[in-house]
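Me: Hi! Could you walk me through a structure? I'm new to this, so plain words please.

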Amino acid sequence: MDHCAARAGMGMLAFALLTPLSGCRAAQGGSSMTAQSTMNLPAESAAGAVPLGQLAGAPAETATSLSIANPYEHNPQAIQAGRQLYLQMNCAGCHAYNGKGNMGPDLTDTYWRYGGLPVQIYNTIHDGRPQGMPAWKRALPPDEIWKLVAYIQSLGGTVSVSNYEHARQGDRPGDLIAPEAQAEAQP
Amino acid sequence: MRPRIAMLCCGLLAAPAATWAETPMSYQRTFGPAVDPVTRLAWGLGTVSLVVIVVIGVLLLGSLLRRRDAADGDSGQLAVRHDGGGMAWIYVGSGISLVVLTGCMVWTLIVTAAVARPPSPPLLTVQVTASQWWWGLRYQGAQPDRTFTTANEIHIPVGQPIRFELASADVVHSFWIPQLAGKMDVIPGQTNVLWLQANKPGTYRGQCAAYCGVQHAHMAIFLVAESAQDFAAWQNHQLAETPMPVSDSDRRGEEVFQGHCAVCHTIRGTGSAGHVGPDLTHLMTRGTIAAGLLPNTPGTLAAWIANPGSLKPGTHMPAQVLSGSELKAVTSYLTTLN
Amino acid sequence: MGRSASTEECRRRSRGLEGSFFRTSHSCLRVEYLSSLFDRFHSKVLFACCGLLMVMSSSCKRSEAPIPVNRPYETGNASFTGATLNSAPNDPPGEWRSQAHDYANTRYSTLDQINTGNVGKLRIAWTFSNGTLGGQEAAPLVVDNTMYVVTPFPDELYALDLTLPGEPIKWVFKPNPSPIAKGKACCGPVTRGVAYANGKLIYNLLDDHTVAVDAKTGKEVWRIKMGNVETGETMTMAPFVVGNKVLVGDSGGEMGVWGWIAALDVDSGKELWRAYSTGSDSQVRIGNDFKPFYDHMKGKDLGIGSWPAGAWKHGAGSVWGWISYDPQLNLIYYGTSNPSPRVPDQRPGDNLWTSTIFARNPDTGMARWAYQTTPHDRWDYDAVNEDILMDLRVDGQLRKVMVHFDRNAYGYTIDRATGEVLKAAPFTYQNWSSGFDMKTGIPTVNPDKEPHPNVKLVNVCPPDIGGKDWQPSAASPRTGLVYAAVFNMCMDVTDNDVSYIPSSPFDGMDMKRYPAPGGNLGEFIAWNPVTGKKVWGVKEVYLTMSGVLATAGDVVFYGTTDGWFRGVDARSGRVLWSQKLGSGIIGQPITYLGPDHRQYIAIYAGVGGAATVHVDKEAVKGFDFPAGGNSLYVFSIDGDSMSNGQSQLGGMDSISKKSPQSGTSEKQ
């Protein structure tokens, strides 16, 4: 190859390299956060079917809807997003910036007036409660509320889903169970 | 051969010129005293560097390709001639370099001083709050009640220095409108100050220039420089509150807005004052939405509200659960926000 | 001091329109008398005379000469300042008819059966539990031998019959306010008390209704809705009666409400006027006779102009504190709360008329003057604390003033006719301000103590609850001093950008409180309003967040949040008596004369309120509050009362006094 052709080749290469730089569109960015349409959120009807009180008539708790798990539990991005929502939706104003409560109750302790299971906390945020807790079902889509629940779960005081059938009866993991109470527990 | 080379050279030169029109971010042509000296300096230093390269290149080539005397081919003799002119090259060369470099240094210092401070005290301060992935703007008024908030589209009067106070709501961003100013990082926990001035009316595009997350590339900012009267009119318009909606469909749309959107967005005049997302009081005066990602039309608005994550994956705005009629109502209400 | 001089002094002090020469309170005189008797007579006769004397002094009643209307309180010779206080409306001295005792808010009683000589013998006479936990902030009222006590939410009102042993309940009024209110009250679901007027008890329910109850029957007379609790607005203040009007205001400085004060007709409850704390001049009821003393309060529509566009609508300035009244000038005085949100960078401007003391004409509500104690408040320094009205000499001139301990730690002496600040001096440790400009009336802000969003600011003093919060101070005309329970605290604060979402807090302050230098959280001080200096102080480990009671017996009373109730010598500051109660004390003590003509002191014990808000309870000594309580404690000398003794009091014999049909006991 002679010099001229080589130089022409280099020039073409340079030209080819320069042009895209001057007018390129940025490529679509990738995302590390799963798009919400692919996250398996519990169905709204399932969460809504969880009763606030104990089902009348049934000798033992048969509402397995209590065992609904939070798909965002332990998800660090979701917990971080939940913390952001906790600040932005003014939850911190009533429940304090460290979650220990003020006008609203302490969210870090193990006392839950309306239940401490993830789906019960979801319903509390979704529906509100009579003594001043607003209902967020219109303002926040379910995805955002589950992220808030994940943040509250990260505070350490909520009830674990694996303990769901005993949550109502005041049982704690590690409790002894008297034989008579064991018998009653079987349906 | 020659025509080919000529074409090649033309192509090399024409490419940038042809694409200037499509490169609003090009910092090779600037329009304000905050950067014009820098641009000139850049071209100047670039030219000096090119000349130096050419001169050295020519000298090097010359020395490489120079025919040697047959007598120098004898082994054992040094290739360099000992004649009195050897050191002259060094003296002259160093002398020229010294003068040129000192000149460049002085020029650089002058330029740095020139862009450090605005030529006259700025009459307007805009507080910019960078969030993932949009820009909040608060215009400081001469009196407190002339202070208002908007987003993503800055308007300034032409020929006036404007001061920007840059704060971050979350992570490190960088404020960059290349044709008017250099980059200034926006760092959480501190307020950086920038000034700029636009000498020519028009729309200038800017961009976030520090990686700030998954949608960093879609965090544009537009700056509109206009005449003083136009700016005053725009300012007064932005200060005004939205009147309460009158028609049934607008009222329905406002209801949907209050229920689903007011926790994050503000429309002054309706009682909502959410600070999480951009202020929407005069949404339709802006040319784009989603920080420059989409043009501001009813169709794109509806698509954006229906599912922001599909257009800007990772955005913090959630997809609200809206029925078709709710979406239509709120979109149509938003298009009335002039 | 020689004996003759002390006798003279003793005689001077005992002379006056109250009491006879042989009052047991003046032991100095008794000693003088006994010693002169001893000198002249033999022991037998001496014995007889001593016995006679003791019999006489123990059985004689205090003769109560009537106090002429509008006569200022007596000025004791040992007054530190010569200040005089107006006792209007001159309620009967044995009763306690309004929370502040009188128009001037003196909280001073002329009763002196209990005094520095015998306060050490105070014991619990009887107690009453109101059944509702929560901060017990109100004081009982005593009218016509009936005691009225109000509970925190659900705001129940009890009437106790003081004429019968056991103080049985005459009636209880249960208003059933909306439970939503409980979640909107920033600092406990409290109420600060009841007002009495025209045979009615008038008070505010937490859910924004004001209610009037017939004092005899306990039946509701009228109820008016003043606001909408669903917006986050509540009402906690004690109404204030002026003539035929009752003045009420809202709460919600942390909820982005629109602050206001309103006047209602006492008999019908109809609203007569309402003055907002932000907005246009007509909304704030500022007109042609508005004459603020300082230039930066002069201007048109400052309630809009000193805010960013539209921000005044949620700017608060709520009226949740105390109101006083000068009958000669015909002006009411009160303060407004902090601006909303508690993030100053979101609302540049002076933010008028928040953190402002107003003087208004009570008939029309029009403002006469205003003074903003903390322009563009950045730390939650409300101006709602009480204004005690007194007349005193400043720089040789007799001035009608108000004494005001502000949240911003400055103790003000302000001319109440014009709004001019005569004295402004810190009454406790503060570092937010580096000085006070007397010419402009503007405190100089220390730029290091200005908070900005997302930046942690350490060691800002005082904290959000201030150098002193709503707990009211008292004044004594005998000493000329003002007595206040104050704080000694600092905070670390981080501001966070907030949205206004109706019914949720519009707040943004993340803070932690701790003691200021000295290590004590509280202090009970005596303050000289002329010199602007503390005369003496009693430091406390725990917060001193109770109201103060001053008495003519020269004993002043206060309580701590760990439950100590104390009686202190008003002149020297020596603690003469302490009693531990069942819970922390954040209420207001009162004193009254029972039907047995015995003087009683009454105070609630039940901690809660702002003291326990935003506090990491395990963290700091002094913040480890006791559990809640709801008991009223009533004290007398030796605990003597109709309700304790050595027989079956209040037992079967009380049934015979009941009428067969109604089942309620009748008055004897």
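What follows is a chat about the chains, the places where they touch, and some charged pairs.

Reply: Happy to! One thing to keep in mind is that this is a predicted model. Where shall we start?

Me: Chain A, please. How many helices and strands does chain A have?

Reply: Chain A has eight helices and zero strands. Going from the N terminus, the elements read α-α-α-α-α-α-α-α.

Me: And how much of chain A is buried?

Reply: Of the 187 residues in chain A, 39% are buried. As for contacts in chain A between residues at least 6 apart in sequence, 61% join residues at least 24 apart.

Me: Let me pick one residue. Where does S67(A) sit?

Reply: S67(A) is in the loop between α2 (44–48) and α3 (76–88) of chain A.

Me: Why is S67(A) called partly exposed?

Reply: Because its relative accessible area is 26%, and the partly exposed class runs between 20% and 50%.

Me: What does S67(A) touch, leaving out residues up to four places away in sequence?

Reply: With those left out, S67(A) touches V161(A) and Y164(A). For a sense of distance, S67(A) and I125(A) are 58 residues apart in sequence and 18 Å apart in space, C-alpha to C-alpha.

Me: Cool. Switching to chain B: how is chain B divided?

Reply: Into domain 1 (124–239) and domain 2 (248–334). The C-alpha centres of these two domains of chain B are 22 Å apart.

Me: How many residues are in contact between the two domains of chain B?

Reply: In chain B, 18 residues of domain 1 are in contact with 19 residues of domain 2. About 1,600 Å² is buried between these domains, and carbon and sulfur atoms give 51% of that area.

Me: Why talk about an area at all?

Reply: Because the size of an interface is often given as the accessible area lost when the parts come together.

Me: Back to the domains of chain B. How many salt bridges and polar contacts are there between them?

Reply: The count of salt bridges between domain 1 and domain 2 of chain B is zero. There are 13 residue pairs in polar contact between the two domains, counting pairs with both residues at pLDDT 80 or more.

Me: Which elements supply the domain 1 side?

Reply: In chain B, β3 (148–151), β10 (220–226) and α4 (228–239) each supply at least two residues of the side of domain 1 that touches domain 2. The largest share, four residues, comes from β3(B). By class, that side has nine nonpolar, eight polar and one charged residues.

Me: How about chain C against chain B? How many residues are in contact there?

Reply: There, 21 residues of chain C are in contact with 17 residues of chain B. The area buried between chain C and chain B is about 1,300 Å², with 49% given by carbon and sulfur atoms.

Me: Which three residues of chain C supply more of its buried area than any other three?

Reply: A309(C), S499(C) and Y500(C), which supply 31% of the area that chain C buries against chain B.

Me: Which side chains form the salt bridge there?

Reply: K313(C) and E241(B), at 3.2 Å, N to O. The rule finds one salt bridge across this interface. Between chain C and chain B there are also nine residue pairs in polar contact, with both residues at pLDDT 80 or more.

Me: New topic! How many salt bridges does the structure hold over all chains?

Reply: Over all chains, the structure holds 34 salt bridges. One of them joins the side chains of R342(C) and D507(C), at 2.6 Å, N to O. That pair links distant parts of the chain, 165 residues apart.

Me: Are R342(C) and D507(C) buried or exposed?

Reply: R342(C) is buried, and D507(C) is too.

Me: What about E540(C)? Which residue does E540(C) form a salt bridge with?

Reply: E540(C) pairs with R566(C), and their closest N and O atoms are 2.6 Å apart. E540(C) is in strand β31 (residues 533–540) of chain C, while R566(C) is in strand β34 (residues 564–569) of chain C.

Me: Why do E540(C) and R566(C) count as buried?

Reply: Buried means under 20% relative accessible area. E540(C) is buried because its value is 7%, and R566(C) is buried because its value is 13%.

How values were computed: Residues numbered from 1 in each chain as written. Chains lettered and ligands numbered in written order. Predicted model: local features only at pLDDT ≥ 70, side-chain atom pairs only at ≥ 80, totals over all residues. Heavy atoms only, no water. Domains from an automatic or database assignment. Contact = heavy atoms within 4.5 Å. Buried area = accessible area lost by both parts, 1.4 Å probe. Salt bridge = Lys/Arg side-chain N within 4 Å of Asp/Glu carboxyl O. Polar contact = N/O pair within 3.5 Å; in protein donor to acceptor, adjacent residues only side chain to side chain. Nonpolar A, V, L, I, M, F, W, Y, C, P; charged D, E, K, R; others polar. Buried < 20%, exposed > 50% of the residue type's maximum accessible area, 1.4 Å probe, protein only.
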